[in-house]
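Welcome, and thanks for taking a look at this chain. Have the viewer open while you read, and we will go from single residues out to the whole fold and back again.

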Amino acid sequence: MKKTIAVIPGDGIGPEIIAEARKVLEKVAAKYGHTFVYDEVIAGGCAIDQFGTSLPKEMLEKCLASDSVLLGAVGGPKWDGVAKEIRPEAALLGIRSALGLYSNLRPARLFPQLADASPLKPSIVAQGIDLMMVRELIGGVYFGEKRTVTLENGERRASDEMVYSEHEIERVARVAFETARKRRKKVTSIDKANVLDSSRLWRAVVHRVAEEYPDVECSDMLVDNTAMQLVKNPSQFDVVVTENMFGDILSDEASMITGSIGMIPSSSLGEGTRGMYEPIHGSAPDIAGQNLANPIGTILSAAMMLKYSFDMPEEAERIEQAVSDTLDAGFRTADCMSEGMTRLSCSEMGDQIAKRV
Ligand code: IPM
Ligand code: MG
């Protein structure tokens with residue numbers, strides 16, 4: 001099969017981890033007889049430097065013309081001072097929105113080989129961590145009206161509207177239930193319905209959709225309690241579905257309890273098969289250019305792309321197995337290093353995984 005992939009290396013460690021994902025994809029292409037065409041997209045801080053804006057129109061068009069988008073990371077302190085409309089993050093939000101990618105899947109699964117790296121007590125880790133966070137991605141407070149006004153007394157006031165319509169909740173809820181059907185058939189819907197109207201609507205719509213899935217157990221949990229339950233008893237979760245900002249916050253927490261944020265991939269999808277795939281970590285400017293980063297989150301994102309956008313489940317599985325085998329062989333990058341393991345650079349980790357594909 002021939003597929004065009006819009007590749008966004010981005011900023012910081014982005015180019016390094018993307019290079020490793022491409023290395024692994026090329027190995028898959030050779031082994032299974034596919035052709036992947038990479039269309040390089042300049043977006044994020046590097047695009048601000050080059051074009052004066054983080055998402056030039058022709059770059060967005062490359063994404064829209066592709067079969068799928070693979071992204072490293074965008075942003076960094078260098079661009080902290082730029083206008084909010086052209087910030088590196090605006091590129092990410094712009095692509096998510098323009099491609100209609102409303103459901104963001106972030107698996108948090110403990111690799112047994114990395115149990116030592118989890119900050120949780122061994123007794124908690126021993127119960128297993130394998131949850132799928134389904135985050136609504138193009139609504140809520142991220143995309144509601146933003147205003148900063150100066151009051152008569154000279155004081156400034158800022159507001160961000162958290163807004164959801166029923167159809168926005170319904171479609172992501174459906175993704176959560178469909179996902180649960182292929183897993184342990186349990187959905188936990190996270191909200192703040194004791195305070196927020198948008199959450200009360202969220203809860204009502206999720207319950208309505210739940211009726212169509214009698215085989216899936218559905219319950220609600222308040223977001224503050226969820227933050228606690230994730231460290232106290234993470235094994236209780238199968239599929240977790242939540243609105244955009246809650247999902248942003250909880251997915252960092254969920255990933256960290258598995259040992260390293262550097263391991264976690266994500267997929268963002270809308271109605272069609274074209275998605276965007278990226279590790280959930282950021283651009284890590286502190287270690288950029290040093291060949292230190294963990295490329296596994298990006299490599300597993302490429303695997304998700306093969307599975308969800310290109311209908312290549314076997315190839316995806318091959319990559320996941322190669323990652324697992326590499327960890328079994330005792331190889332680690334600095335972020336999840338533990339005693340007795342062999343420390344690898346970013347590119348060496350890519351080599352080891354590619355070799356095992
Ligand atoms: C994420 C990131 C982004 C988000 C930032 C970079 C805009 O934190 O993908 O989780 O908040 O969605
Ligand atoms: Mg985040």
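## Two loop residues with positive phi

Lys185 sits in the loop between helix 6 and strand 8 (186-191); helices (H or I, at least four residues) and strands (E, at least two) are DSSP runs, numbered from the N terminus. This is a predicted model, in which local features need pLDDT of at least 70 and side-chain atom pairs count only at pLDDT 80 or more, while totals for chains, interfaces and linings use all residues. Residues are numbered from 1 along each chain as its sequence is written, chains are lettered from A and ligands numbered from 1 in the order in which they are written, and side-chain values use heavy atoms, with hydrogens and water left out.

What is the phi of Lys185? Its value is near 60 degrees, which is positive in a residue other than glycine. Most residues other than glycine have a negative phi. Lys185 is partly exposed, with a relative accessible area of 36%; here buried means under 20% relative accessible area, exposed over 50%, and partly exposed in between (1.4 Å probe, protein chains only). Asp311, in the loop between helix 10 and helix 11, also has a positive phi, near 50 degrees. Asp311 counts as exposed, at 62% relative accessibility.

## The chain as a whole

The chain holds 12 helices and 14 strands. Its radius of gyration is 20 Å, close to the 21 Å that the globule rule gives for 357 residues, so the chain is as compact as a globular protein of that length. The radius is taken over C-alpha atoms, and the globule rule is 2.2 Å times the number of residues to the power 0.38. Along its principal axes, the C-alpha trace spans about 60 × 50 × 40 Å.

Of the 357 residues, 52% count as buried. Among contacts (heavy atoms within 4.5 Å) with a separation of 6 or more, 76% come from residues 24 or more positions apart. The accessible surface, from the Shrake-Rupley method with a 1.4 Å probe and, for residues, only the protein chains shown as cover, comes to about 15100 Å², and 50% of that belongs to carbon and sulfur atoms.

## Nonpolar cores

In soluble globular proteins, nonpolar side chains tend to be buried together. A nonpolar core here is a set of buried Ala, Val, Leu, Ile, Met, Phe, Trp, Tyr and Cys residues joined through side-chain atoms within 4.5 Å. The largest such core has 61 residues, of which Ile5, Leu25, Phe36, Leu70, Val134 and Leu306 touch the most other members. Helix 10 (residues 296-308) gives the most to this core, with 8 residues. A second, separate core of 18 residues includes Leu120, Ile190, Ala254 and Ile257.

Phe36 is worth selecting in your viewer. Leaving aside neighbours within four places in sequence, Phe36 is in contact with Lys3, Ile5, Leu25, Glu26, Val28, Ala29, Leu306, Phe310 and Met312.

## Helix 12 and its partners

Which residues of helix 12 (residues 346-356) are buried? They are Cys346, Met349, Gly350, Gln352, Ile353 and Ala354. These buried residues pack against helix 1 (14-32), helix 10, helix 11 (313-328) and strand 13 (331-332).

Ile353 shows this residue by residue. At 0% relative accessibility, Ile353 counts as buried, and beyond its neighbours within four places in sequence it is in contact with Val24, Ile296, Ile299, Ala322, Val323 and Thr326. Ile353 and Ile296 are 57 residues apart in sequence, with their C-alpha atoms 8.9 Å apart in space.

## Buried polar residues

Is Glu278 buried or exposed? Glu278 is buried, with a relative accessible area of 5%, and it lies in the loop between strand 12 (275-277) and helix 10. Not counting neighbours within four places in sequence, Glu278 is in contact with Leu71, Leu92, Arg96, Pro265, Ser266 and Ser301.

Glu168, in helix 6 (residues 166-181), is buried too, with a relative accessible area of 13%. Outside the residues up to four places away in sequence, Glu168 touches Glu136, Ile138, Gly139 and Val163. Ser118 belongs to the loop between strand 4 (103-109) and helix 5 (122-125) and is buried, with a relative accessible area of 8%. With the same sequence neighbours set aside, Ser118 touches Leu110, Val125, Ile257 and Gly259.
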